[in-house]
Amino acid sequence: MSKPTNVVLLIEDEPKIRRFLRAGFELQGFSVIEAENAADGLKAATFNAPDLIILDLALPDLHGSEVLERIRSWSNVPIIILSVVSSEDEKVRLLQAGADDYVVKPFGMAELLARSEAALRRYFKSATENPVVTAGPLSIDLVGRTVSLDKAQIRLTRKEYRLLHILATHVGLVVTHDQLLKDIWSGNQRDNIQYLRILVRKLRQKIETDPNHPRLLVTESGVGYRLQARLEDISAD
């Protein structure tokens, strides 16, 4: 399986800097979403569920620290601050407010990419006690973003991996339909459970021995789905 793409959200009002950041992250294999102000950035963070956010402090409509506070009220996604201010007090304040790192402008792209990769590693390792989640013959490496079945890597689409990743970070627990729809889709699709059922069906085709009688990705009728920590024979919906 080729590694699913990490999604980075760039909240930066200067077009030249956004182009610079986009080029660097895309060369590193990231998928890039851009926002030129706080309002667009908060919307993108809510509906696109990025894996990483690069946040400039000097935004035209809202200070970056307020954007950080709002995102931290509902998400633990890694956030790296960009700022021309090199004050140690400012760095400490923002790190205490929930930023994962602080990079002073001007900066080198290699440094920012290294800090981004480090933030992602910390995030995925903290998502579970073990960065590799196992469910029967299924193994999900949350850091390496690879999936193996009976020790053989399997190929998943981006949305299939997103679904499996969410379930793996809550292994053994039920994740509701609403939460899955919110985390995987945006727009009108977020309200259509049929999209989720189709995605679950496709994922089961790849990870279940008998997709019609799933033992790994199981249904909690009327509530959501659960990735089994232990194999049990529970019927699909």
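## Helix α1

In helix α1 (helices being DSSP runs of H or I with at least four residues, and strands runs of E with at least two, numbered from the N terminus), the residues Ile17, Arg18, Leu21, Gly24 and Phe25 are buried, where buried means under 20% relative accessible area, exposed over 50% and partly exposed in between, with a 1.4 Å probe and protein chains only. Seen down the axis of α1, these buried residues fall within an arc of 135°, taken from the directions from the helix axis to the C-beta atoms, so they line one face of the helix. On the other side of α1, Lys16, Arg19 and Leu27 are exposed.

Just after α1, Gly29 takes a positive phi of about 95°.

## How the model is read

This is a predicted model, in which local features need pLDDT of at least 70 and side-chain atom pairs count only at pLDDT 80 or more, while totals for chains, interfaces and linings use all residues. Residues are numbered from 1 along each chain as its sequence is written, and side-chain values use heavy atoms, with hydrogens and water left out.

## The sheet

An open sheet is formed by 4 strands in the order β6-β7-β8-β9, with antiparallel pairing, where two strands pair if DSSP finds at least two bridges between them. Its edge strands, β6 (132-135) and β9 (152-153), each pair on one side only.

Strands β7 (residues 138-141) and β8 (residues 146-149) pair in the antiparallel sense over 4 bridges, and Ile140 stands opposite Val147 in β8.
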